Amino acid sequence: MKNKIIEIKGATKAYKDLKVLKGVSFDVEEGGVFALLGSNGAGKTTLINIMTTLLTPDEGSVKINGFDIEKNPEAIREVISLTGQFAAIDGILTGRENIQMIAKLRHLKQSGQVAEALIRRFEMTEAADRRVGTYSGGMKRRIDIAMSLVGNPKIIFLDEPTTGLDPEGRLEVWKIIKELSATGTTVFLTTQHLEEAEQLADKIGILHGGKIIALDTLEGLKKLFPPAKVEYVEKQPTLEEIFLAITRKKEEK
């Protein structure tokens with residue numbers, strides 16, 4: 001049985017009178033890809049900010065890699081990395097210089113070797129010494145994720161990583177996420193693209209109305225959907241149909 005690398009119990013968060021998270025509870029096992037689905041304003045980014053020590057919950061407990069978010073935030077920061085919705089890179093520097101900068105900020109020795117290893121891993125040799133401002137959207141996201149892997153974090157949080165990317169760029173990011181999972185890195189992904197979760201996730205959670213209303217594998221979620229209609233062929237529900245059915249049913253109660 002895999003270890004629980006993320007444990008959240010009864011987490012709440014409010015901004016003045018707006019309660020964004022209303023008792024969120026779930027676990028994430030080590031390794032693989034966990035996808036958190038939710039509409040705009042569902043609280044996905046707030047939840048990621050809590051797990052990455054940028055915010056503290058008003059109530060409840062959050063443990064990352066066995067460390068309590070409030071008691072040991074420094075220990076948590078040592079094993080995680082966060083890539084936000086928009087690439088956090090310096091357009092004036094080259095790709096290589098951006099990675100070296102992060103390595104130095106993490107107080108790693110031989111930042112040049114660290115950068116070279118990631119450049120090769122992400123197949124960026126030809127573009128590495130060009131200014132990042134000249135990169136395509138997909139390449140910027142690639143270098144952004146490469147920077148997130150400096151120091152070999154155990155968990156990488158990707159907050160809507162394909163926002164604003166064209167189909168080619170999106171496929172490029174999907175390939176990177178699959179490779180990360182294959183090497184044992186735990187990937188926590190938030191997305192509004194339901195096809196993305198279908199393609200990548202080992203487990204899927206649906207955040208709606210400030211709570212986790214469904215949590216299972218794709219196959220498990222399909223069982224929540226009405227049986228497939230048989231006409232000429234059996235029609236299997238897509239994750240988008242499952243998501244809409246679950247959220248509408250919750251709103252009707």
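E123 counts as exposed in this predicted model, because its relative accessibility is 57%, and the cut-off for exposed is over 50%. The residue is found in the loop between α4 and α5. Its phi is near 50°, a positive value in a residue other than glycine.

E123 also takes part in a salt bridge, with K175 as its partner. The closest N and O atoms of E123 and K175 are 4.0 Å apart. This pair links distant parts of the chain: E123 sits in the loop between α4 (111-121) and α5 (137-148), while K175 belongs to helix α6 (residues 167-182), 52 residues apart. K175 is partly exposed, with a relative accessible area of 45%.

**Salt bridges**

The structure holds 11 salt bridges. Side chains of opposite charge can pair when their charged atoms come close. Three of the pairs are set out below.

| Pair | Closest N and O atoms | Citation |
|---|---|---|
| E123 and K175 | 4.0 Å | salt bridge |
| R142 and E172 | 2.9 Å | salt bridge |
| K222 and E219 | 3.7 Å | salt bridge |

R142 forms its salt bridge with E172. Distant parts of the chain are linked by this pair too, with R142 in helix α5 and E172 in helix α6, 30 residues apart. R142 is buried, with a relative accessible area of 12%; the limit for buried is under 20%.

The bridge between K222 and E219 lies within one helix. Both residues belong to α8 (residues 218-222) and are 3 residues apart, about one turn of the helix. An α-helix has 3.6 residues a turn, so residues three or four places apart point the same way.

Salt bridges that share partners also join R96, E116, R120 and D129 into one network.

**Positive patch**

K19, K22, K211 and K250 form a positive surface patch. Of these, K211 is found in strand β10 (residues 211-216). K211 is partly exposed, its relative accessible area being 44%.

**Helix α1 and the residue after it**

Helix α1 covers residues 44-51 and is mostly covered, with 7 of its 8 residues buried. The buried residues of α1 are K44, T46, L47, I48, N49, I50 and M51. Just after α1, T53 takes a positive phi of about 70°.

T53 can be placed relative to N72: their C-alpha atoms are separated by 9.5 Å, and the two residues are 19 residues apart along the chain. N72 is found in the loop between β5 (67-68) and α2 (73-77). At 33% relative accessibility, N72 counts as partly exposed.

**Q110, S111 and L194**

Q110 has a phi near 55°, a positive value in a residue other than glycine. The residue is found in the loop between α3 (95-105) and α4. Q110 counts as exposed because its relative accessibility is 54%, with the cut-off for exposed at over 50%.

S111 and L194 are 83 residues apart in sequence, and their C-alpha atoms are 38 Å apart in space. L194 has its place in helix α7 (residues 194-200). At 14% relative accessibility, L194 counts as buried.

**The protein as a whole**

The secondary structure comes to 9 helices and 10 strands. Buried residues make up 47% of the 253 residues in the protein. Along its principal axes, the C-alpha trace spans about 55 × 50 × 40 Å.

How does the radius of gyration of the protein relate to that of a compact globule, and what is its value? For 253 residues, a compact globule would have a radius of gyration near 18 Å. The protein has 19 Å, which agrees with that expectation.

Note on methods: Residues numbered from 1 in each chain as written. Predicted model: local features only at pLDDT ≥ 70, side-chain atom pairs only at ≥ 80, totals over all residues. Heavy atoms only, no water. Buried < 20%, exposed > 50% of the residue type's maximum accessible area, 1.4 Å probe, protein only. Helix = DSSP H or I, 4+ residues; strand = E, 2+ residues; numbered from the N terminus. Patch = residues over 30% accessible without salt bridge, like charges linked within 9 Å, V, L, I, M, F, W, Y side chains within 5 Å. Areas by Shrake-Rupley, 256 points an atom, 1.4 Å probe, with all protein chains shown as cover. Salt bridge = Lys/Arg side-chain N within 4 Å of Asp/Glu carboxyl O. Lys, Arg positive; Asp, Glu negative; His and termini not counted. Charge placed at Lys NZ, Arg CZ, Asp CG, Glu CD. Rg over C-alpha atoms; globule rule 2.2 N^0.38 Å.
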